[in-house]
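This short report describes how two chains meet, beginning with one helix. The structure is shown first.

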Amino acid sequence: MIVVCYLASAVAIVSALMVITQRSAMHALLNLILMLLALALVFLALGAPFVAMFQVAIYAGAVMVLFVFVVMMLNLGPLAERQESRWLGAGVWAIPATLTVALLVAACYALASAAGTRIPATVVGPKQVGLSLYRDYLIAVELASLLLVAGLVGAFHLAPPRRPSAEAPPSTDGQPAAGEAGDE
Amino acid sequence: MSEAAQVPAATLLGIALALFLIGLLGVMVRRNLLFVLMSLEIMLSSAALAFVAAAARWRQPDGQVMVLLILVAAAAEVGVGLSIVLRLYHRFETVDGDEISRMRG
């Protein structure tokens with residue numbers, strides 16, 4: 001299980017790097033899906049099967065479908081990729097990357113000097129999570145549903161207005177709403 | 001699944017931190033708003049990884065509950081954020097975050 005955990009983590013980190021360095025939005029999106037699936041595998045290896053399934057169904061499923069719809073709708077072609085190449089010179093990367101790596105090194109040093117506890121081999125199954133969710137965190141669940149409704153209303157309100165012309169406009173307001181409703 | 005995971009907790013926190021910093025780097029460097037949103041997703045899921053690691057460390061379900069709440073927050077954020085991106089694209093014909101800064105008020 002430890003091999004699965006490390007391998008999936010490595011895949012997640014590499015694909016996350018691919019996401020932020022990719023020129024084309026669609027390729028970045030596919031790498032992001034790969035990262036989320038790898039993280040789901042890490043969750044499974046850590047003994048959290050419920051969250052792993054949620055990750056696959058909601059994150060890699062619903063949310064990413066939303067992203068795919070929007071990327072398709074924006075229809076950014078090779079022109080946008082050339083623009084990206086122009087934006088992403090080495091100079092743009094230099095300072096943020098240096099700062100980030102410095103932060104990572106410092107934090108890794110702090111973590112390495114901390115007391116090494118190992119994660120015990122127990123599976124916290126859906127039953128325990130469900131009991132905790134609906135007993136201790138009932139208010140949080142209600143607030144989460146409220147947040148989803150707020151997101152639904154916000155997405156509906158912000159979506160581009162429907163053009164009154166006869167030819168069907170790219171009706172965008174339905175898509176986020178569908179994704180949101182699916183999550184609840 | 002009953003077999004030992006036995007991963008050091010610090011290693012998992014380091015992995016979560018690395019993912020978070022990658023997402024942060026993406027937010028800092030990219031100008032395309034779609035990529036910024038994707039980097040935000042990376043950051044949110046790295047937080048989820050830290051929560052799952054903590055939940056596994058103490059054998060409690062609370063961390064997993066927090067991950068579910070993170071998922072809900074991410075879903076709401078993506079819905080609103082993507083509609084804002086679409087709206088801006090319809091108005092300005094670009095998804096460049098810097099270009100949109102000329103919008104005042």
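The model is a predicted one. Helix α3(B) has 31 residues and spans 44 Å from its first C-alpha to its last, close to the 45 Å expected at 1.5 Å a residue. After α3(B) comes Glu93(B), which has a positive phi, near 60°.

The partner of α3(B), residues 62-92, is helix α3 of chain A, residues 49-74; their axes lie 11 Å apart and pack at an angle of about 0°. Angles under 35 degrees count as roughly parallel, so α3(A) is roughly parallel to α3(B).

Which residues of α3(A) and α3(B) meet? From α3(A) they include Phe50(A), Phe54(A), Ile58(A), Val63(A) and Leu74(A). From α3(B) they include Gln64(B), Leu68(B), Ala75(B), Gly79(B), Leu82(B) and Tyr89(B). In this helix-to-helix contact, 20 residues are nonpolar, 2 are polar and none is charged.

The contact of the two chains involves 79 residues from chain A and 66 residues from chain B. On the side of chain B that touches chain A, α1 (9-29), α2 (33-58) and α3 each supply at least two residues. The most come from α3(B), with 23 residues.

The table sets out the residue classes of the two contacts.

| Set of residues | Nonpolar | Polar | Charged |
|---|---|---|---|
| Contact of α3(A) with α3(B) | 20 residues | 2 residues | no residues |
| Side of chain B that touches chain A | 47 residues | 11 residues | 8 residues |

The side of chain B that touches chain A thus has charged residues, 8 in number, whereas the contact of α3(A) with α3(B) has none.

Methods. Residues are numbered from 1 along each chain as its sequence is written. Chains are lettered from A and ligands numbered from 1 in the order in which they are written. This is a predicted model: local features need pLDDT of at least 70, side-chain atom pairs count only at pLDDT 80 or more; totals for chains, interfaces and linings use all residues. Axes are lines fitted to C-alpha atoms, for helices over the stretch in contact, and angles run from 0 to 180 degrees between N-to-C directions. Helices (H or I, at least four residues) and strands (E, at least two) are DSSP runs, numbered from the N terminus. Angles under 35 degrees count as roughly parallel, over 145 as roughly antiparallel, 65 to 115 as roughly perpendicular and the rest as oblique. Two residues are in contact if their C-beta atoms, placed from the backbone, lie within 7 Å. Ala, Val, Leu, Ile, Met, Phe, Trp, Tyr, Cys and Pro count as nonpolar, Asp, Glu, Lys and Arg as charged, and the others, Gly among them, as polar. The expected span of a helix is 1.5 Å times one less than its number of residues.
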